[in-house]
Amino acid sequence: MATRKATEEKAETRLGMVGTSPLHLSGRDHVTGRSEFIDDMPKPRHLLTVKVLASPVAHGEIRRLDTSRAEAIPGVVRVITARDIPGVNQVGGIIPDEVCLAEDHVAFVGEPIALVAAESDEAARAGVQAIEIDIEPLKPCLTVAEAIAAENFLSPVRKIERGEVDAAMAHAPHILEGVVVNEGQEHFYMETQRSLAVPEDNGAITIYSSTQHPTEVHRMVSGVLGLPQHSVTIDIKRLGGGFGGKESQATIWAACTALAAHLTGRPAMLKLEREEDMCWTGKRHQFVSAYKVAFDDDGRILALHTELNANGGAVADATSSILERGMLHSENAYMIANHRVIGRPCRTNLPPATAFRGFGAPQGIFMIETVIQRIAHALGKDAYSVRELNAYSEGDTAPYGELIYGAEHLKPLLAELRRSSEWDARQKAIADFNAQSRWQKKGLAMVPVKFGISFTAAFLNQGVALVQIYPDGSVSVNHGAIEMGQEVNTKIAQIAATNLGLPLSAIRIETNNTKRVGNAPPTAASSGCDLNCHAVDNATDQLVPRLQAKAQELFGVCPVFFEDGVLYAPTAEGQIDRDRPLSSFKDFALKCFQGRVDLCAHGHYATPRVGFDREAGQGHPFLYYVFGAAVAEVTVDLLTGRATTDRVDILHDSGQSLNPAVDIGQIEGGFVQGMGWATTEELVYAEDGRLLSNSPATYKVPTYGDVPADFRVRLYEGSVNEVGVHQSKANGEPPLVYGEAVFFAIAEAIQAATGEYPVDLTLPATPEKVLKALKAARD
């Protein structure tokens, strides 16, 4: 469109346009405390508090459940069990194997059994404590090894394979085998799981849910209540963090809240306390991975056989999809001609593991990066050089048959980071330091990333939007993405402002509401901005011709240019003539309304050419790929095991960034979160399946003091994503992988102290594990 072309030509000079970095739309409200979350909303009259009786055991049979004493407590309005559910007792979104309330058995600590709706928190707590329950404990299965031995899987075991793996292994000059273990990770969002349900007339209900997936909440709540979906509305303004933990796991709490409101006829609110949230909800998947790799004297991988075994917990949740993404990233950035990966989704009696930023890809990447490190040490070669040798090149395809779109940028990006991070000089300086230092050792490591963007479930790859221009020239934008701190709202507002030629202040982003933008996919898989920005593009592409037609009718010139809320005539050459303003957009919008021009458009976008055959292990699961790399330098104190991250260099491919400041912020935050997973965030379970690291006192998330003192993040220049929104690329998940570089740098420091590699170290590399690794090497 002429309008879009004209405004894009001036994007570098107009703050708020695509490609610039205006203030976050919610920035001022966040820092002044005015941002409204569910708990800040005005409380409806007669609001009930909902508390949950959760299973205290990891596996058992319910022998008796008596709620009579709880029902007699003053202030308790209703006690709800599975027999009270008016619809279906089911909240499993992908595989229907998760009940809303347990009936005759429990499968993990924290599984909801009963609800107490009361006039106050105190009455609700007293009601939960008064419920009499008898559970016969059964032996829980807690580990991947136990699940594999019992062939206890959540979904079918899958395989992706190309080439002749066994034949290549038979003739290879070098073979290595090993096991790679990464533990899970707590989401630790600032706003715990919560929802508010408000009954309406005609038996309808509105639920304000802290969810990344309003469509799934909509569908599941409708089923649990036995209501048609048109009688259920889900509304979300923003989340206080999500990171994947509210993609599927917010559903059960919304359903519980809705049950209480529906059965009592009164508004109800449920919010988990921090310890409840940590103990009862799922985490990032633990993977126990095995590998056998063949390679030549230069370090080129000739064949790779890997087995990714995911601890999925008690119900399927999203485990099959998460494991699949791990398998699809098990070669990361490397061209491996002969490659086989097997994925096993293991069922255990832990809370259902769930989505977490990266969605299985960090686990798959951690495995292959461990392999690369071990190849380099086995040959005495530089690990960076081994990575460059094996990296994808233009024209290469993935093990699942897809052309690696944009692969021509990978090796230049790696070479540029090698230069800018001063890798070779620092390697020598670190070797000199380690030779002189007895009680401190330094390590340097790098990790690249090739990250596929799209949902691997093809039907989820769609975006929706509703754009309305009002007679005063202001614009309301509804879209299917959820704002949870990643500033998707800012980027979508920039798209709308750019396409309509308006200042950013003219755009308002509305709450996500299933009555206005129904059937939206979850905000996940780094796709929330892509899908919904495309949908806004689609909506504005419908509006612009209507506006152009009316402008030509009114002013008799063609085309008319829209910029900064002003309409301009064209020059003789068809360019914008800023000396000939025709009207303000405000006045023009009123004339359009009075002229009966349709100023509302519904936008939809369906990602093209994506699809994956799971049985064959072949297909085109991703629209495009994001590339990048990180170099991390650490110092390890050999007396305490504590590692300090001294310097980090990141070079990341954002295509033509929609908002460089937002993208760099996402990269920085993703790295720190990945560093936490790799170094400090340790989940500790008791033998009976209870989580022991259940509070900030026992579970260490990174803080400001853990941020590298020297932190250098740059966007890679020269990458153009022809299939992206305004040629941009997604940023949400890939940067988390960069945190793995810190783990490998710690391992390098341990090797410098002991002379042994591989080191006996699993992720996260906590100080305790570092000391154990040092001791194991000495022994």
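1. A cavity is here a set of grid points where a 1.4 Å probe fits but cannot get out. By this rule the structure, which is a predicted model, holds four cavities of 30 Å³ or more. The largest cavity has a volume of about 120 Å³, and 14 residues line this cavity, with Glu98, Phe108, Gln249, Ile252 and Pro352 lying nearest its centre. Helix H8 (residues 251-264) contributes the largest share of that lining, namely three residues.

2. Turning from cavities to pockets, the second largest pocket encloses about 780 Å³ of space. Its lining comprises 45 residues, and those closest to the centre are Ile94, Ser321, Ala457, Phe459 and Leu460. The elements that each give two or more residues to this lining are S7, helix H7 (214-225), H10 and S15. Of these, H10 gives the most, with six residues.

3. Two of the elements that line this pocket, S7 and S15, also belong to an open sheet of five strands, whose order is S7-S15-S14-S13-S8 and whose pairing is mixed. The edges of this sheet are held by strand S7 (158-162) and strand S8 (174-182), each of which pairs on one side only. Neighbouring strands are turned against each other by 10° on average, with direction ignored.

4. Within the five-stranded sheet, strand S13 (residues 286-295) and strand S14 (residues 301-311) pair in the antiparallel sense over 10 bridges. A reader who wishes to follow this pairing in the model can begin at serine 289, whose bridge partner in S14 is leucine 308. Helix H10 (residues 319-328) packs on the sheet, where it touches S7, S13, S14 and strand S15 (339-346), and the direction of H10 makes about 160° with that of S15. H10 is thus named twice in this note, once as a helix packed on the sheet and once as the element that gives the most to the lining of the second largest pocket.

5. A further open sheet consists of four strands in the order S16-S27-S28-S29, and the pairing here is mixed. Strand S16 (440-453) and S29 stand at the edges with a single partner strand each, so one side of each is left without a neighbour in the sheet. From one strand to the next the twist averages 15°. S28 and S29 pair in the parallel sense over six bridges, and leucine 651 has arginine 714 as its bridge partner in S29. Helix H19 lies across S16, strand S27 (624-637) and S28, and runs at about 150° to S16.

6. Side chains of opposite charge can pair when their charged atoms come close. The structure holds 43 salt bridges, and one of them joins arginine 418 to aspartate 382, with the closest N and O atoms 3.1 Å apart. This pair links distant parts of the chain, since arginine 418 lies in helix H13 (residues 410-420) and aspartate 382 in the loop between helix H11 (361-379) and helix H12 (383-390), 36 residues apart. Arginine 418 counts as buried because its relative accessibility is 14%, whereas aspartate 382, at 21%, is partly exposed; the cut-off for buried is under 20%, and the two labels should be read with that in mind.

7. Lysine 550 and glutamate 553 form a salt bridge in which the closest N and O atoms are 3.0 Å apart. Both residues lie in helix H16 (residues 528-555), three residues apart, which is about one turn of the helix. Lysine 550 counts as buried at 11% relative accessibility, while glutamate 553, at 57%, counts as exposed.

8. Another salt bridge is that between the side chains of aspartate 653 and lysine 729, at 2.6 Å from N to O. Distant parts of the chain are linked here as well: aspartate 653 is in the loop between strand S28 (643-652) and helix H18 (660-679), and lysine 729 is in the loop between strand S29 (710-715) and helix H19 (740-754), 76 residues apart. Aspartate 653 counts as buried, with a relative accessibility of 0%, and lysine 729 is likewise buried, at 4%. Elsewhere, salt bridges that share partners join Glu422, Arg426, Lys442, Glu633, Asp646, Arg647 and Asp649 into one network.

How values were computed: Residues numbered from 1 in each chain as written. Predicted model: local features only at pLDDT ≥ 70, side-chain atom pairs only at ≥ 80, totals over all residues. Heavy atoms only, no water. Pairing = 2+ DSSP bridges. Axes fitted to C-alpha atoms, helices over the stretch in contact; angles between N-to-C directions. Contact = heavy atoms within 4.5 Å. Salt bridge = Lys/Arg side-chain N within 4 Å of Asp/Glu carboxyl O. Buried < 20%, exposed > 50% of the residue type's maximum accessible area, 1.4 Å probe, protein only. 1 Å grid on protein atoms, 1.4 Å probe; cavity = no way out; pocket = protein on both sides within 12 Å on 5 of 7 lines; lining within 4 Å. Points joined across faces, edges and corners; volume = space filled by probe spheres on them.
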